[in-house]
Amino acid sequence: MKVAIGGPLKLGFRPWVEGLENIPAEGPAILASNHLSFSDSFFLPAVLDRKVTFIAKAEYFTTPGVKGKLTAAFFKGVGQLPVDRSGSRGAGEAAIKSGIEVLERGELFGIYPEGTRSPDGRLYRGKPGGLARVALATGAPVLPVAMIDTEKIQPPGKVLPKLMRPGIRIGKPLDFGRYQGMEHDRFVLRALTDEVMYEIMKLSGQEYVDMYATAAKRQIADAAKAEAKAEKEAKAEKEAKAEKEAKAEREAMAEKEAKAEKEAKENKGGGVERPAS
């Protein structure tokens with residue numbers, strides 16, 4: 001996949017990279033990245049010599065049919081791990097377990113602390129569960145990563161990608177050994193996650209928003225629905241007003257025609273007779 005996908009990506013988009021020297025030549029490490037685009041999971045592995053394993057929803061691997069098999073083969077080829085979200089605690093526990101297994105094999109594990117793609121290009125609050133618990137359970141160093149301009153390559157609604165140079169900045173590894181054994185302390189999980197997000201913010205230059213991206217997406221969706229509803233109501237009101245005005249105009253025209261017809265009848269049959277000479 002590095003040859004089939006990574007080569008064309010590097011040749012076509014020519015991504016620039018800073019901080020490659022921070023990637024360890026061997027041994028486990030966590031790459032904690034901001035998330036701007038679906039392509040983030042392809043550009044980052046493409047510029048690295050080592051394999052990076054991300055997690056993906058299990059539906060990508062279990063869809064039936066030819067298309068489903070091709071999709072599953074593709075995601076397996078690019079190093080994605082299926083995460084079954086049907087368990088009692090959903091994707092969170094499955095993601096943590098998968099991350100620990102990858103790191104215990106001495107490999108690189110990629111994770112997006114925001115939990116989902118940014119809806120507007122800003123950096124959102126990191127979720128404290130996955131990243132922090134995997135880091136504390138394994139003792140693996142955390143490398144903050146900033147993806148830059150990947151959301152501009154293929155904005156929502158665009159079929160063909162725009163040829164431009166995205167960027168990748170890889171920060172120095174962060175050691176959280178001081179928190180070892182405290183993986184059940186929610187304040188520690190929050191502090192570790194916030195520290196990583198701060199480093200990502202410095203690398204990316206993004207505006208930071210102290211709320212979860214999932215909540216922001218709900219707000220944006222609700223605002224879009226409210227706007228669509230308001231536009232629909234305004235359109236209906238405008239159409240009703242236009243219909244009312246048209247009706248009034250028709251009634252006025254009918255009244256005018258009736259009056260003219262009445263006057264014509266009166267003039268035709270009701271003239272005054274002249275006296276005979």
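1. A72 is buried, with a relative accessible area of 7%. Buried here means under 20% relative accessible area, against over 50% for exposed and in between for partly exposed (1.4 Å probe, protein chains only). The model is predicted, so local features need pLDDT of at least 70 and side-chain atom pairs pLDDT 80 or more, while totals for chains, interfaces and linings use all residues. Residues are numbered from 1 along each chain as its sequence is written, and side-chain values use heavy atoms, without hydrogens and water.

2. A72 sits in helix α4 (residues 65-77). Helices are DSSP runs of H or I, at least four residues, numbered from the N terminus. Beyond residues up to four places away in sequence, A72 touches Y60 and F61. Contact means heavy atoms within 4.5 Å. F61 is eleven residues from A72 along the chain, with 4.3 Å between their C-alpha atoms.

3. Next, a pocket. The second largest has a volume of about 560 Å³. Among its 22 lining residues, S37, F38, S39, R117 and Q154 are the closest to its centre. A pocket is an open set of points on a 1 Å grid over the protein atoms alone, where a 1.4 Å probe fits, with protein on both sides within 12 Å along at least five of seven lines; lining residues have an atom within 4 Å of a point.

4. Helices α1 (2-13) and α2 (40-46) each supply at least two residues of this lining. The largest share, three residues, comes from α1. By class, the lining has 13 nonpolar, five polar and four charged residues.

5. In helix α6 (residues 130-138), L131, A132, V134, A135 and L136 are buried. G139 follows α6, and its phi is positive, near 75 degrees.

Methods. Grid points are joined across faces, edges and corners, and a volume is the space filled by probe spheres set on the points. Ala, Val, Leu, Ile, Met, Phe, Trp, Tyr, Cys and Pro count as nonpolar, Asp, Glu, Lys and Arg as charged, and the others, Gly among them, as polar.
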